[in-house]
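Grab your viewer and work through these exercises one at a time. Each has a task, then a solution you can check against the model.

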Amino acid sequence: MTTLAPVVGLPTRLAAPAPGWELSADVCVVGSGVAGLCVALHARAAGLSVAVVTKVRVDDGSTRWAQGGIAAVLDPADTPEAHARDTEVAGVGLCEPDAVSALVTEGPARLHQLIDWGAAFDRDPSGRLLLTREGGHSADRIVHAGGDATGSEVQRALHAAVRSDPGITLVEHAMVLDLLADDAGRAAGVTLHVLGEGTEDGVGAVRARAVVLATGGMGQVYAATTNPPVSTGDGVALGLRAGAVATDLEFVQFHPTSLYLGPDARGQQPLVSEALRGEGAVLRDDAGERFMVGVHPLAELAPRDVVAKAITRVQLRDGVDHVWLDARSIPGIEHRFPTIVASCRATGVDPATDLVPVTPAAHYASGGLVTDLAGRTTVPGLYACGEVACTGVHGANRLASNSLLEGLVFAARIGDELARSLPPAMPARAAVAGTSGLLDPAGRRAVTETMSGRVAALRSGTGLAEATAQLRALAAGLADGPGAAPGVASWEATDLLTVASALTAAATARRETRGCHWREDHPDTEADWRVHLDVRLDADGALCLDRRPVGTPAVPPW
């Protein structure tokens with residue numbers, strides 16, 4: 001059954017000048033994190049020309065902020081079955097078994113391929129990869145680089161590999177706008193704007209035989225997040241406007257331990273990796289008592305949603321803004337976690353001697369544009385990979401360090417699919433008329449404050465109804481007048497409003513608590529809700545929802 005979501009009047013295309021320039025490639029990859037760059041390298045291995053469009057520099061974005069590592073079964077005492085079991089436990093019944101199987105069985109080979117591309121991971125004196133453990137894992141299976149700088153090393157290696165390939169065209173500082181399609185409705189490229197141009201000449205187009213979205217997450221939809229400023233949900237918003245289906249959007253993982261910077265902190269907050277807890281750090285309340293003991297058998301190493309909920313309960317119970325992470329017992333913490341120690345010391349806190357103030361912050365979107373095991377979305381010719389995609393791996397909550405692994409595995413699968421079946425290029429049709437109002441950039445704060453206040457780690461029917469009303473009012477304003485002038489700030493604000501509305505609609509519909517979706521008015525996990533909530537945007541800019549049982553394919557054959 002399809003139900004109409006409360007927010008209507010969202011744009012089905014972004015108001016923008018006509019493209020003033022264009023380039024062509026076999027494959028257009030949007031995004032330059034681990035997912036996007038790996039897709040680009042696999043496409044080049046298949047002999048295809050590639051254009052990589054990135055909102056920042058190629059060496060920037062979310063991947064380089066990853067502190068923990070990459071999960072892969074490398075210890076002879078560990079098994080893919082154990083990794084799958086841990087993943088499915090964290091996903092609370094919503095993981096797609098075939099996707100999880102692909103992740104855990106193909107992951108080790110893809111990790112070694114990454115090493116072949118030049119990534120250097122931490123090793124013991126004998127040269128064996130060092131393995132550690134993070135929350136939700138039953139074995140030591142996390143590889144890391146530079147102690148707590150894994151993402152930075154992965155990004156460095158992939159950046160070098162891409163830069164050295166003349167068959168890859170890089171378009172940096174470019175914000176993607178909308179999908180181009182041919183007369184058959186197949187993806188034929190994207191429109192984009194080169195940031196900083198300041199004129200209509202900044203808008204252009206990349207024509208391509210296939211488009212791969214690897215734009216990362218949507219953390220900036222919240223007032224406080226671990227995501228970088230560029231993570232404004234552009235890929236999900238573009239996909240929805242193009243008619244693609246998104247799923248599991250209500251499952252936003254709040255990292256339990258971001259560094260608390262004070263009540264007025266906004267935007268990206270420093271991450272305090274759970275790898276510290278893997279090495280022995282514990283959580284304490286204001287009285288100095290550990291509060292995770294008895295909450296979960298793994299205590300501080302419980303899945304992230306469990307830890308985030310426990311911290312939130314303590315904050316509500318004690319009327320405080322943060323709890324404390326005690327890492328003073330970790331030997332050599334300055335050498336094992338140099339990045340974290342430096343960010344803490346920059347705020348006047350020394351983890352070697354002080355308790356570290358921490359609080360949950362929006363971290364990772366488990367949902368996104370729904371794909372099959374080859375990365376195909378519901379729009380022919382449009383693929384998605386990484387955090388912008390929903391492969392079914394994460395279910396209701398991502399297991400720690402499965403995200404970089406997912407990017408590696410499914411990028412390779414997309415590369416295989418591109419090598420097998422890429423049709424000839426077709427001309428893009430003229431843009432279809434539709435709703436196109438833009439949110440005034442001043443409205444962005446209203447979106448993020450609404451989401452942080454009503455649709456964060458703790459949710460209720462009352463709060464979600466209030467959020468829906470506020471988002472509905474913002475969307476209604478887009479149709480009441482000419483709207484804001486086209487530009488990066490208004491495009492980002494509009495993308496945030498779109499993903500916020502879709503996320504809130506799904507969170508309102510799911511009347512249960514599951515994984516990182518916590519409804520205080522529906523505190524139990526219900527068997528009837530072991531379904532995905534598919535979200536799409538109709539031609540009039542209205543959000544529609546469908547329930548889809550786990551195991552039911554969402555992407556029809558192209």
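Before we start: helix axes here are lines fitted to C-alpha atoms over the stretch in contact, and angles run from 0 to 180 degrees between N-to-C directions. Helices (H or I, at least four residues) and strands (E, at least two) are DSSP runs, numbered from the N terminus. This is a predicted model, where local features need pLDDT of at least 70 and side-chain atom pairs count only at pLDDT 80 or more, while totals for chains, interfaces and linings use all residues. Residues are numbered from 1 along each chain as its sequence is written, and side-chain values use heavy atoms, with hydrogens and water left out.

**Exercise 1. A helix crossing**

Task: work out how the axes of α3 and α10 cross, and which residues make the contact.

Solution.
- Step 1: find α3 at residues 97-116 and α10 at residues 403-420; their axes come within 8 Å and cross at roughly 90°.
- Step 2: classify the angle. Under 35 degrees is roughly parallel, over 145 roughly antiparallel, 65 to 115 roughly perpendicular, and the rest oblique. So α3 is roughly perpendicular to α10.
- Step 3: list the contact residues, where contact means heavy atoms within 4.5 Å. From α3 come A99, A102, L103, E106, G107, R110, L111 and L114, and from α10 come L405, E406, L408, V409, F410, A412, R413 and D416.
- Step 4: sort them by type. Ala, Val, Leu, Ile, Met, Phe, Trp, Tyr, Cys and Pro count as nonpolar, Asp, Glu, Lys and Arg as charged, and the others, Gly among them, as polar. That gives 10 nonpolar, one polar and five charged residues.

**Exercise 2. The overall build**

Task: compare the protein's radius of gyration with the one a compact globule would have.

Solution.
- Step 1: count the elements: the protein has 13 helices and 21 strands.
- Step 2: apply the globule rule, 2.2 Å times the number of residues to the power 0.38, with the radius taken over C-alpha atoms. For 558 residues the expected value is near 24 Å, and the protein's 22 Å agrees with that.
- Step 3: get the box. Along the principal axes, the C-alpha atoms fill roughly 65 × 55 × 45 Å.
- Step 4: check burial, where buried means under 20% relative accessible area, exposed over 50%, and partly exposed in between (1.4 Å probe, protein chains only). Buried residues account for 60% of the 558.
- Step 5: look at contact range. Of the contacts between residues at least 6 apart in sequence, 73% join residues at least 24 apart.

**Exercise 3. The nonpolar cores**

Task: find the largest nonpolar core and the helix that gives the most to it.

Solution.
- Step 1: fix the term. A nonpolar core is a set of buried Ala, Val, Leu, Ile, Met, Phe, Trp, Tyr and Cys residues joined through side-chain atoms within 4.5 Å.
- Step 2: the largest one has 66 residues, and V211, Y222 and M451 have the most contacts inside it.
- Step 3: helix α13 (residues 488-509) gives the most to this core, namely 10 residues.
- Step 4: zoom in on M451. Leaving out residues up to four places away in sequence, M451 touches V221, Y222, A456, L471, A500, L503 and T504.
- Step 5: apart from this core lies another, of 52 residues, including V58, V162, I168 and L405.

**Exercise 4. Buried spots**

Task: place G202, D234 and T494, and say whether each is buried or exposed.

Solution.
- Step 1: G202 sits in the loop between β8 (187-194) and β9 (203-213). G202 is buried, because its relative accessibility is 0%. Its C-alpha is 7.4 Å from that of G20, although the two are 182 residues apart along the chain.
- Step 2: D234 belongs to helix α5 (residues 234-241) and is buried at 7% relative accessible area. Beyond its neighbours within four places in sequence, D234 contacts K55, M175, V176 and D495.
- Step 3: T494 is in helix α13 and, at 0% relative accessibility, is buried too. Not counting residues up to four places away, T494 touches P11, L14, G437, L438 and L439.

**Exercise 5. Positive phi**

Task: where do V92 and H173 lie, and what are their phi values?

Solution.
- Step 1: V92 is in the loop between α2 (80-91) and α3. Its phi is positive, about 50°, though V92 is not a glycine. At 25% relative accessibility, V92 is partly exposed.
- Step 2: H173 lies in the loop between β6 (168-171) and β7 (174-181). H173 is not a glycine either, and its phi is near 55°. With a relative accessible area of 36%, H173 is partly exposed.
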